[in-house]
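User: I am new to this structure and would like to learn how to read its features. Please take them one at a time.

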Amino acid sequence: MITYFYWMLVIAIAIGLLVLLGKREKWKPALISCALVLLVGSLAYYFHFQQVFVKNYGGVMSVSVPEGRLHIAATWKDDNLWIENYDPETNTCYFNEYSKGNLLQGKVVIKNCSPVGVK
């Protein structure tokens, strides 16, 4: 829910600037400021707010399990999401970190892990 509120606020600010500056016949600054608000809002969401919203306020986020792997667990470490998947073909467990903006992603590989309960 907070994610939708965030986007409504960003779009409302962009439209507000467009209308406010457009009334004064300053269309070039209006379009530039509208585009800047949308760009900054998108970058701020992608690189900072997405995981904060999901963890703390029940936001929306999607992560896909790679083809051929089984999902085992997911946990939060600070504001970063760690997901454990199992590859039955190689008997290997993978812990992948999904950090803000996916810039600093950690990865831990456990070979011959044979997780309990996975057949």
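Analyst: This is a predicted model. Start with a single residue: asparagine 91 sits in the loop that links β2 (80-87) to β3 (92-98).

User: What is the sign of phi at asparagine 91, positive or negative?

Analyst: The general idea comes before the case. Most residues other than glycine have a negative phi. Asparagine 91 is not a glycine, yet its phi is positive, at about 55 degrees.

User: Is asparagine 91 buried or exposed?

Analyst: Residues under 20% relative accessible area count as buried. Asparagine 91 has 18%, so it is buried.

User: Which other residue has a positive phi although it is not a glycine?

Analyst: Glutamate 25 has one, of about 60 degrees. Its place is the loop between α1 (2-23) and α2. Glutamate 25 has a relative accessible area of 62%, so it counts as exposed.

User: Where is glycine 58, and how is its accessibility read?

Analyst: Glycine 58 belongs to the loop that runs between α2 (27-57) and β1 (70-77). Values between the buried and exposed cut-offs are called partly exposed. Glycine 58 is in that class because its relative accessibility is 44%.

User: What does glycine 58 touch, apart from its neighbours within four places in sequence?

Analyst: With those neighbours set aside, glycine 58 is in contact with Met1 and Phe53. For a distance across the model, take valine 108: the two residues are 50 apart in sequence, and their C-alpha atoms are 27 Å apart in space.

User: How many helices and strands does the chain have, and in what pattern?

Analyst: The chain has two helices and four strands. Along the sequence they follow the pattern α-α-β-β-β-β.

User: How does the radius of gyration of the chain stand against that of a compact globule?

Analyst: For 119 residues a compact globule would have a radius of gyration near 14 Å, whereas this chain has 21 Å. The C-alpha trace spans about 70 × 25 × 25 Å along its principal axes.

User: What percentage of the residues is buried, and what percentage of the contacts joins residues at least 24 apart?

Analyst: Buried residues are 31% of the 119 in the chain. For contacts between residues at least 6 apart in sequence, 33% join residues at least 24 apart.

User: What does the chain expose, and how are its charges placed?

Analyst: The exposed area is about 8200 Å², with 64% of it supplied by carbon and sulfur atoms. There are 11 positive and 8 negative side chains, and the centres of these two sets lie 11 Å apart.

Terms used:
Residues are numbered from 1 along each chain as its sequence is written. This is a predicted model: local features need pLDDT of at least 70, side-chain atom pairs count only at pLDDT 80 or more; totals for chains, interfaces and linings use all residues. Side-chain values use heavy atoms; hydrogens and water are left out. Buried means under 20% relative accessible area, exposed over 50%, partly exposed in between (1.4 Å probe, protein chains only). Contact means heavy atoms within 4.5 Å. The radius of gyration is taken over C-alpha atoms; the globule rule is 2.2 Å times the number of residues to the power 0.38. Accessible areas come from the Shrake-Rupley method with a 1.4 Å probe; for residues, only the protein chains shown count as cover. Lys and Arg count as positive and Asp and Glu as negative; His and the chain ends are not counted. The place of a charge is taken as NZ of Lys, CZ of Arg, CG of Asp or CD of Glu.
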